[in-house]
Amino acid sequence: MTQKFISFTLIFLLGLGTYAQSITGFKSENAAVQLELESQFESRLKAENLDVWMQRLAAEPHWVGTEYGKKNAEWMAEQFRSWGYDTKIETYHVLFPYPKIRELELVSPDPYTAKLTAVPVEGDPYTAQGEALLPSYNAFSTDGEAEADLVFVNYGIPRDYEELEKMGIDVKGKIVIAKYYGSWRGIKPKLAAEKGAIGCIIYSDPEDDGYVRGDVYPEGAFKNKTGVQRGSVMDMPLYPGDVLTPGYAAKKDAKRLDRKDAPTITKIPVLPISYEDALPLLSALKGPVAPNSWKGGLPITYHVGPGPAKVRIKLEFDWKITPAHNVIAMLEGSTYPDQWVMRGNHHDAWVHGANDPVSGMVAVMEEARVIGEMAKQGKRPKRTVVYAAWDAEEPGLIGSTEWVEDHEKELQAKLVAYINTDSNGRGFFGAGGSHTLQAMVSEVADAVTDPQTGVSIKERRIARQLAGGGNANFELSALGSGSDYTPFIQHAGIASLNIGFGGENAGGEYHTIYDTYPHYTRFKDPGFAYGVALANTAGRIVLRMANADVLPFEFKQWHATVSEYLKEIMEETESRRKEVKRHNELVARKAYALAADPRENIAPPNKKEEIPYLDFSPLQNSLARLGERIEELESLSPESLSVEKQKALNEALQGTEQILTDMTGLPRRPWFRHRLYAPGFYTGYGVKTLPGVREAIEQENWKEAQEQIGILARTLERMDQQVIKLIGLSK
Ligand SMILES: [Zn+2]
């Protein structure tokens, strides 16, 4: 929260040429001390360490369960210990499928057997490790065999199936082929199975990350014709983590679901392939020509099918319980040891993972090194700082989810905030997270210099927004899913952030054998300047959260953001209503039928159900009340608060994010408990804000929408009670 004493006044210290600036959460006499501490921290960060450590961590493939992955965990634990951290490795026992049989062939008209192997390239010895490289596959595809006509479904997302329906094409009993991108990959087989398909192939089209975008590896950063993106297709929007232990830790002797009952394993076999392997399949399709927006970058006319291309797919996995090793390193706080600030990044990769995840992991380590060494010299953070290196993130956020499920009660009582990073590269500062932290992150972004232009990372980011036609506000995006912050914010209700740099680091190496040290240092972040910028930014956030007099949560920006989400949903409902009305009028006068080309077999659409009026007033009333209360809170200055009151205020602030969650969770997915943010049920990583209400409207479930409005209004009323409490403690 922001207090009155925190304005942006600059107090110039005459004659010294330095100045003290107010910062959120710090009493005026402590702000200058904090800024001095942060600049010492910054001056000790070394790019060379990131470089050396990346070469070590990414020397060999290290997916969960590998010997090298374990060695990496042990080596990192040793480093943390040497920097003064109390460090342990916490191991969970999780289901992880390794591919035994991968077969894909075009049976007719002209037989072709997919190669399913990426080739080594000159100048990158890592790509020549042969057998040691993990075969390309989608983790948590079911075992299975299928043979059927092929249908091209574009990205395989809901609106593509609407388009297919208009073309009169059904995927029931067929095998679909979808392009990567357009949504998180796990949505593609999920939706295909719901529509009755019996197999799913996902390929990388050159338009998305191959030769259409730029030169391919090794000449350039993009995907060559043999590159294949691996990745999990676990149904993470239902619940992430170990598929056999939903909601509780996968300890050695934990009670496990039977694999056939695990709801997050796909219903149909799914396999990723390269564009070299996709080309013969797509060329053999006939049927209608694909809509313009579906066409990719291959030198063919894209047809939709079904058939005459007939394909056979066969997959079998070795389903093994595998150890996942999380490294947890703690530095006890000098003043408030029972309040924790946590930083994390995953350490497992699909193959070498120089970019994903090592580029983020080495920045975390450098940050931890400097904070640890400064603590040894008497500058110990006031709150306890916890560093984590997660295992098994790639197959489904497994290491972090099991750890959070294991430690949930303690985290809810102690953890102030979780700050996540993952892949990192050259470009612009990006941040998502709890909107109570927006003001603090914005101030930190003012203090960090962009390595290429010399302006602050905030100024550079705002410049990009403006140049792209956007506004000049610094805003956090809302968190959906896609990295290890998910169990913290969505399940345990811990205020969380996910930060990183990017936008000038494009490439096609993601989850392929080409994500290596040579690729990274040539194309992603030469010289590790943005790795250091990341350590600088995240380290300052950790130090501010750890040393603040009053925890730096701010509620005005939070309130404005939630109000904006509500406005958006109300406007969307209104525009849907108008659309349906117009659609039904056009159907009534047969406009679609008459406008269509009579030679194309396009089925005219049917009338849609009219949209009823929803009563949003409980939300509007709650937000209005809350807004006034927050005005009062933010006008109070706890500058002269007693030590006891300050302590009580901090304790109350610590658990505030949990007010926004409840144990019943979202409809049909109780693991997701946050009422403001969730990954979309049909978007995967993509966030849905006010998800209970928004998704009910999108699914046209009006009864549930009205119920969810009531539930959300009660959440906001609980927040109102919390703000009343905070006001009492601030006086
Ligand atoms: Zn990652």
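This report covers model confidence, the zinc site and one helix pair in a predicted structure.

## Confidence

The model is predicted, with an average pLDDT of 95 over the chain. A pLDDT of at least 70 is reached by 97% of the residues. Residues 1–20 score below 50. Beyond near neighbours in sequence, this stretch nevertheless has 55 contacts in the model.

## Zinc site

The zinc ion has protein donors from His346, Asp356 and Asp422. His346 contributes NE2, Asp356 contributes one OD atom, and Asp422 is listed with OD twice. The donors lie 2.0 to 2.6 Å from the ion. Angles among the 4 donor atoms run from 53 to 145 degrees, and the site is classed as irregular. A tetrahedral assignment would require all angles to lie between 85 and 135 degrees, so the range of 53 to 145 degrees does not meet it.

In sequence, the donor residues follow the spacing H-x9-D-x65-D. Asp356 and Asp422 link distant parts of the chain, being 66 residues apart. Asp356 sits in helix α8 (residues 354–376), while Asp422 is in the loop between β14 (415–420) and β15 (427–433).

Both aspartates count as buried because their relative accessibility is under 20%: Asp356 has 7% and Asp422 has 13%.

## Packing of α8 against α13

Helix α8, which carries Asp356, also meets helix α13 (residues 517–524). Their axes come within 10 Å and cross at roughly 75 degrees, so the two helices are roughly perpendicular to each other. On the α8 side the contact is made by Ala354, Asn355 and Ser359; on the α13 side it is made by Tyr517, Tyr520 and Lys524.

Methods
Residues numbered from 1 in each chain as written. Predicted model: local features only at pLDDT ≥ 70, side-chain atom pairs only at ≥ 80, totals over all residues. Heavy atoms only, no water. pLDDT = per-residue confidence, 0-100. Contact = heavy atoms within 4.5 Å. Donors = N, O, S within 2.8 Å, 3.2 Å for Na, K, Ca; no water. Tetrahedral: all angles 85-135°; square planar, octahedral: opposite > 155°, others 65-115°. Helix = DSSP H or I, 4+ residues; strand = E, 2+ residues; numbered from the N terminus. Buried < 20%, exposed > 50% of the residue type's maximum accessible area, 1.4 Å probe, protein only. Axes fitted to C-alpha atoms, helices over the stretch in contact; angles between N-to-C directions. Parallel < 35°, antiparallel > 145°, perpendicular 65-115°, else oblique.
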